[in-house]
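Student: I'm new to this structure and would like a close look at a single part of it. Could you pick one helix and walk me through how it sits among its surroundings?

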Amino acid sequence: MLITFTTMHPPLLQPTSAPASALPDAIANALVASAVSLRSASPLTTLAILRGKRLALLCETEPDMAADLFCRAAWALGAEVSHVRPGLDEPAHPAVLRETARTLGRLYDGIECRGLAAAAVDGVRRDAGVPVWDGLSGEHHATALLDAALGGVESLDVRRQLIVEAVLVDALR
């Protein structure tokens with residue numbers, strides 16, 4: 001197994017994969033309230049929220065638009081993001097998956113999985129010891145419909161980023 005790391009840099013300036021309707025109202029309302037607070041906060045304030053946190057974007061391919069949205073949300077909060085190609089696109093021996101997850105958990109404060117098999121994501125979630133998301137910034141994640149509840153005049157992309165930021169703050173602060 002080959003693990004490739006690429007540190008991603010920002011521009012200069014818990015986790016579930018269930019349908020959005022499966023989110024309990026209390027959690028959905030708390031995330032929307034957090035996103036509203038983030039929207040009104042100063043960028044200098046938000047940049048300090050996750051300063052020093054390191055996140056992994058676990059993805060075998062080049063980042064897509066949803067992965068870019070995850071990175072922008074993390075950077076807006078002051079976190080660093082590394083693109084990690086774990087070599088888990090083929091079924092891995094359980095011991096290899098377990099050791100990979102444990103290693104990633106020691107290196108990172110949170111892990112976003114993009115395009116990995118459900119069994120691989122479950123293994124990482126079980127053994128990493130840090131928050132692990134499966135497609136958090138994707139349109140099929142449980143939080144995807146919360147951007148509509150957020151309202152506002154911003155674009156859908158900006159509202160979606162605020163929701164992802166709220167999830168990251170909730171899990172990592």
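Tutor: Here is a walk around one helix, with a few stops in the parts nearby.

Keep in mind that this is a predicted model. To get your bearings, the chain has seven helices and five strands, and from the N terminus on they run β-α-α-β-α-β-α-β-α-β-α-α. The chain has 173 residues, and 45% of them count as buried. It exposes about 8900 Å², with carbon and sulfur atoms supplying 58% of that.

Let's zoom in on helix α4, which takes in residues 94-107. A quick check on its length first: with 14 residues at 1.5 Å a residue, α4 should span 20 Å, and its end C-alpha atoms are indeed 20 Å apart, so the two figures agree.

Now, which residues of α4 are buried? They are Leu97, Thr100, Ala101, Leu104 and Gly105. These residues cover an arc of only 135° around the axis, so they sit on the same side of α4. The spacing in their numbers fits a simple rule: an α-helix has 3.6 residues a turn, so residues three or four places apart point the same way. And what do the buried residues of α4 pack against? Their partners are three strands, β2 (54-59), β3 (80-85) and β4 (110-114), plus the helix α5 (118-128).

Take Leu104 as a sample from α4. Its relative accessible area is 1%, and since anything under 20% counts as buried, Leu104 clearly makes the cut. Leaving out residues up to four places away in sequence, Leu104 touches Leu58, Val84 and Ile111. Going by the residue ranges, Leu58 falls in β2, Val84 in β3 and Ile111 in β4, so this one side chain's residue meets three of the packing partners. There's also Pro86, 18 residues away from Leu104 along the chain, with 9.4 Å between the two C-alpha atoms.

For the α5 side of the picture, look at Asp127, which belongs to that helix. Asp127 has 16% relative accessibility, so it counts as buried too. Setting aside residues up to four places away in sequence, Asp127 touches Arg98, Ala101 and Arg102. Ala101 is one of the buried residues of α4 you met above. Asp127 also has a link to Arg126: a polar contact of 3.4 Å joins their side chains.

Next, step over to strand β2, where you'll find Cys59. With 4% relative accessibility, Cys59 counts as buried. Not counting neighbours within four places in sequence, Cys59 is in contact with His83, Val84, Arg85, Pro86 and Arg114. Val84 is a residue that Leu104 touches as well. Cys59 and Gly115 are 56 residues apart in sequence, yet their C-alpha atoms are 6.4 Å apart in space.

One last stop, away from α4: the structure holds one aromatic pair. Phe70 and Trp133 make up this pair, which is tilted, with 6.3 Å from centre to centre and 50° between the planes. Phe70 lies in helix α3 (residues 65-76) and Trp133 in strand β5 (residues 132-134), so the pair ties together parts that are 63 residues apart in sequence. Both Phe70 and Trp133 are buried.

Technical notes. Residues are numbered from 1 along each chain as its sequence is written. This is a predicted model: local features need pLDDT of at least 70, side-chain atom pairs count only at pLDDT 80 or more; totals for chains, interfaces and linings use all residues. Side-chain values use heavy atoms; hydrogens and water are left out. Helices (H or I, at least four residues) and strands (E, at least two) are DSSP runs, numbered from the N terminus. The expected span of a helix is 1.5 Å times one less than its number of residues. Buried means under 20% relative accessible area, exposed over 50%, partly exposed in between (1.4 Å probe, protein chains only). The arc is that of the directions from the helix axis to the C-beta atoms. Contact means heavy atoms within 4.5 Å. Accessible areas come from the Shrake-Rupley method with a 1.4 Å probe; for residues, only the protein chains shown count as cover. A polar contact is a pair of N or O atoms within 3.5 Å; within protein, one must be able to donate a hydrogen and the other to accept it, and residues adjacent in sequence count only if both atoms are side-chain atoms. Rings of Phe, Tyr and Trp (its six-membered ring) pair if their centres lie within 6.5 Å; planes under 30 degrees apart count as stacked, over 60 as edge-to-face and the rest as tilted.
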